[in-house]
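Welcome, and thanks for opening the viewer. Keep a selection box and a colouring menu at hand, and we will go from stop to stop together.

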Amino acid sequence: GWLMNIPLGDGSSNITVDDEQNFIVMLPHILLSATDIAGASSCTRRVVLGQKTKRTFELSRPIVHGEILHRVIQDLMSIRDFSMATIKSTLWKSICYHRERLFLIDEDENMAYTLLLECVDSLSRFGTMYIHPEPQQHGVLEKDLRAHLIEEQGFKTVCIQRVVGIEELLWSKLYGIRGMVDATVEIKSLPNNKVLTIPLELKTGRINRDISHRTQTMLYALLMSDRYETDMKFSALYYSRTNSLSLIDGSIDIPRLIRVRNRLATAINRKSRLPPVVKNPFDCKKCHYSNQCFMYHRAIEKGNAKTSGAPEVFNSSAGHMTERYQKFFREWMSLIDLEEKDMGNLRRVNWSHTGDDIERKGVRLCLCFLYLFPSGFDHMLIQESYYKDNHTHYVFSRDPASEQAKEKKPLYASRLEVQDLLVISSTQGHSNLGAGTLVAIDHDTITIRTTTQLRKVPKKAHDFNEKDNQVYDYIQETDKGMAYRIERDPAFYTMSLLRTNIILLLSKAKHGGDEKRRRLIVDLCTPSFLVPGTIDIPKVPIFNTDQQQVMEKVLLAEDYALVAGYPGTGKTTTMAYIVKTLVELGKSVLIATHSNLSLDNLLMKLRKLGVDLIRLGSTDKVAILLDSFVLMGDHYQLSPVVSNEKALEKGLGKSLFSILAQAHPQTLVCLEHQYRMNKEIMGVCNALIYDNKLKCGNASVANRYLRIFAMKAGMEKIHRQVPAVPTEIEMCDGESCWLKDIMHPMQVKCFFFLLFRVEFYCSNLICLSICLSY
């Protein structure tokens with residue numbers, strides 16, 4: 001069955017839901033953004049595509065300049081200083097912060113500063129008019145839609161007397177809505193003498209009568225009502241170019257907006273089906289999702305230019321899609337839908353149960369009743385948070401003396417993994433107090449790296465009045481009574497990036513597509529290589545024959561090369577020297593890995609080799625066009641992780657490396673000489689996995705063995721005491737001891753699986769947990 005919520009505003013046991021009053025929230029575990037709901041009136045299909053895929057468009061000057069001004073306004077409001085000198089210095093700081101974005105639109109800092117100076121006067125007027133402890137005579141509101149209703153309620157002049165928070169990320173499990181509030185502010189108004197806490201939405205353009213902007217702010221007020229446990233009817237909308245501030249009462253529109261949200265959630269839940277195309281050539285031509293839209297229409301809905309309702313746009317986006325491309329598109333989208341269905345089920349479990357229930361059920365996607373050190377228990381001598389690399393690191397643990405800790409498994413028994421994006425909430429129901437990346441997890445503690453400090457929990461002041469005086473105090477995030485719940489970020493674990501990659505692979509070049517890669521990966525055309533001898537291949541003194549062959553294969557590749565690097569064969573060293581050589585040949589090299597650790601190892605080697613480099617945290621900010629590519633890895637292990645068995649059977653678990661290696665084995669070159677295992681351990685790996693492809697790098701590696709210090713004394717200690725409790729288990733006499741045999745340095749006949757637990761009696765009961773790599 002479907003999940004649904006019925007908000008009971010007055011606490012009644014009976015409630016009537018109709019077109020005039022109250023509402024039902026369908027599928028609340030599908031978190032929809034306020035921006036998506038606000039934009040759904042014109043095209044539901046566009047919003048659903050926005051959930052399924054990522055937007056593909058180039059950055060423009062208006063977008064980047066808007067981001068810069070956005071940060072400037074927020075910073076100025078926080079310090080409450082709108083003097084000309086401060087505005088200009090803050091503008092320059094924001095421009096420097098966005099230097100990378102400016103580079104992508106081919107604009108330097110000085111040019112951006114010159115162009116944005118024209119906004120300084122309007123920002124100064126905003127501070128003069130509205131940033132005060134008391135409303136000023138000139139602090140009037142914009143005369144826009146429904147302004148007369150606002151004025152009738154006594155809102156004639158207003159001021160922003162306190163900034164409560166900046167970019168407050170709000171989730172509502174009640175309404176199934178999420179949003180990022182630009183600023184949470186405390187305003188005071190006259191002549192009604194009200195003090196209200198409301199969301200303020202900042203727009204860096206000119207005043208716009210588009211209803212979607214107003215709708216967005218109304219939904220932010222609804223989100224804040226849930227977070228602050230107060231009926232917040234009002235929100236504010238500010239346009240910086242025209243210095244226009246509007247106050248919006250959206251209470252009468254909420255039932256209608258929830259119905260829009262429900263239609264969107266239902267459409268998204270259908271997975272394989274999209275809402276119908278709108279058949280509006282004018283709107284479709286301007287839409288950022290038109291390319292995805294008409295590729296879906298062609299390949300999955302079997303549409304054509306006529307059925308699209310926008311033939312010119314359709315032919316531009318999907319006219320090139322042959323039956324082969326349509327089949328490729330259908331098959332991969334079907335596999336992705338299957339996998340996402342399993343992920344959606346896990347999100348639903350997380351959403352509909354308490355953290356304690358989830359842990360007890362063994363789902364292991366959530367940890368609860370966690371405390372910051374030393375907040376909940378002063379006897380723990382660990383810092384609650386620390387700063388490193390411009391981030392805050394929070395260390396959480398259960399109180400060892402608590403009942404919860406006695407019932408729970410080790411924290412590392414969860415399915416949370418290093419590099420997961422996590423959301424931090426309170427077990428008292430305050431959702432999303434912070435978000436960050438999992439840095440470390442062990443038996444007792446979990447460490448999370450965040451870019452901002454944990455948000456404060458709102459607490460009503462002693463003189464709080466919902467109608468006239470919405471004033472809050474705030475509980476610090478390190479409050480001793482605060483118990484936390486940590487879970488994976490459901491917005492991050494979607495398949496939108498995979499879908500977008502498939503779309504770009506099949507798109508035309510003018511829509512961001514990669515026609516060369518499509519020829520190689522979809523059509524499986526034979527890749528090209530230069531004739532040996534065409535270029536000089538440098539000899540690296542430390543390379544073995546395998547590594548030198550890899551160097552040659554990569555440098556001769558015109559399209560791609562595949563490098564199979566087995567365990568201990570020097571993949572990182574080989575790649576470092578290849579990158580160094582490519583840079584010396586005048587090439588630009590992009591390195592992408594699946595983990596920060598593997599990237600760090602490679603970058604450290606490159607620095608030692610004197611290679612200049614820059615590290616980027618997200619490829620979303622990078623426009624990538626490759627002449628050729630190299631895939632390096634071990635296709636015998638670490639295959640793609642797939643949850644859905646049906647998707648796995650149909651091929652989602654097959655990596656691109658394996659697909660290309662099977663189609664064109666001549667592109668594959670192997671690193672087979674390893675320096676990690678002696679010959680006996682390597683023999684097991686060869687027999688079980690590598691079909692005798694692995695070879696020892698030299699005789700020293702082949703004959704290596706582990707030296708165990710003080711082994712004789714240790715074995716004597718194990719056999720020394722007589723058990724206090726009689727046992728029927730046959731005792732070890734100390735001479736023919738199996739433990740002694742397998743621990744002997746030269747004994748190579750016994751191998752253990754990764755985690756092996758054994759109970760045995762020598763002179764007393766000993767439990768061993770043995771963890772070996774091979």
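Start by selecting valine 563 and valine 669: the latter, in β20, is the bridge partner of the former. Before going on, please note that this is a predicted model.

**Stop 1: the sheet around β18**

Now widen the selection to strand β18, residues 560-565, together with β20; they pair in the parallel sense over four bridges. Add β19 and you have an open sheet of three strands in the order β19-β18-β20, with parallel pairing. Which strands stand at the edges? They are β19 (629-633) and β20 (668-671); each has a single partner strand, so one side of each is left without a neighbour in the sheet. Look along the sheet to see the twist, which averages 20 degrees from one strand to the next.

Next, bring in two helices. Select residues 545-556 for helix α20, which lies across β18, β19 and β20 and runs at about 150 degrees to β20. Then select residues 571-584 for helix α21: this one also lies across β18, β19 and β20, and its angle to β19 is about 165 degrees.

**Stop 2: strand β5 and its partners**

Move to residues 177-191, which make up strand β5. Is this strand largely enclosed or open? Of its 15 residues, 11 are buried, so β5 is largely enclosed by the rest of the structure.

Show its partners one by one:

- Strand β3, residues 32-33, pairs with β5 in the parallel sense over two bridges. Pick leucine 32 and you will find its bridge partner in β5, isoleucine 177.
- Strand β4, residues 155-172, runs antiparallel to β5, and 14 bridges join the two. One place to click is isoleucine 160, whose bridge partner in β5 is isoleucine 187.
- Strand β6, residues 194-203, is antiparallel to β5, with seven bridges between them. Here threonine 184 has proline 199 of β6 as its bridge partner.

The turns deserve a click as well. The hairpin of β4 and β5 has four residues between the strands, and glycine 176 there takes a positive phi near 65 degrees. In the hairpin of β5 and β6, two residues separate the strands, and asparagine 193 in the turn has a positive phi of about 55 degrees.

While you are here, zoom in on the peptide bond between leucine 190 and proline 191: it is cis, with omega about 10 degrees. Proline 191 itself belongs to strand β5.

**Stop 3: two more backbone angles**

Select glutamate 167, which is in strand β4. Glutamate 167 is not a glycine, yet its phi is positive, at about 50 degrees. With 37% relative accessibility, glutamate 167 counts as partly exposed. Then jump to lysine 302, in the loop between α12 (290-299) and α13 (305-308). Lysine 302 is another non-glycine with a positive phi, here about 55 degrees.

**Stop 4: the cores**

Nonpolar side chains tend to be buried together in soluble globular proteins. Which residues touch the most other members of the largest nonpolar core? Select Ile177, Ile258, Phe294, Phe329 and Leu506 to see them within this set of 63 residues. Helix α10, residues 254-269, gives the most to this core, with eight residues. Apart from it lies another core, of 39 residues; Ile105, Ala112, Ile131 and Leu141 are among them.

Go back to phenylalanine 294 and show its surroundings. Leaving aside neighbours within four places in sequence, its contacts are Val277, Cys284, Ser308, Ala310, Val313, Phe314, Ser317 and Ala318.

**Stop 5: the cysteines**

From that list, pick cysteine 284, which counts as buried at 10% relative accessibility. Its sulfur is 6.2 Å from the closest cysteine sulfur, that of cysteine 293, which is too far for a bond. Indeed, the structure holds zero disulfides. For another cysteine, select cysteine 525, partly exposed with a relative accessible area of 28%.

**Last stop: the whole chain**

Zoom out and colour by secondary structure to see 28 helices and 24 strands. Switch to a colouring by burial: of the 774 residues in the chain, 46% are buried. A surface view shows an accessible area of about 40500 Å², 53% of which belongs to carbon and sulfur atoms. Finally, draw the contacts between residues at least 6 apart in sequence; 67% of them join residues at least 24 apart.

Technical notes
Residues are numbered from 1 along each chain as its sequence is written. This is a predicted model: local features need pLDDT of at least 70, side-chain atom pairs count only at pLDDT 80 or more; totals for chains, interfaces and linings use all residues. Side-chain values use heavy atoms; hydrogens and water are left out. Buried means under 20% relative accessible area, exposed over 50%, partly exposed in between (1.4 Å probe, protein chains only). Two strands pair if DSSP finds at least two bridges between them. A nonpolar core is a set of buried Ala, Val, Leu, Ile, Met, Phe, Trp, Tyr and Cys residues joined through side-chain atoms within 4.5 Å. Contact means heavy atoms within 4.5 Å. A disulfide is a pair of cysteine sulfur atoms within 2.5 Å. Accessible areas come from the Shrake-Rupley method with a 1.4 Å probe; for residues, only the protein chains shown count as cover. Axes are lines fitted to C-alpha atoms, for helices over the stretch in contact, and angles run from 0 to 180 degrees between N-to-C directions.
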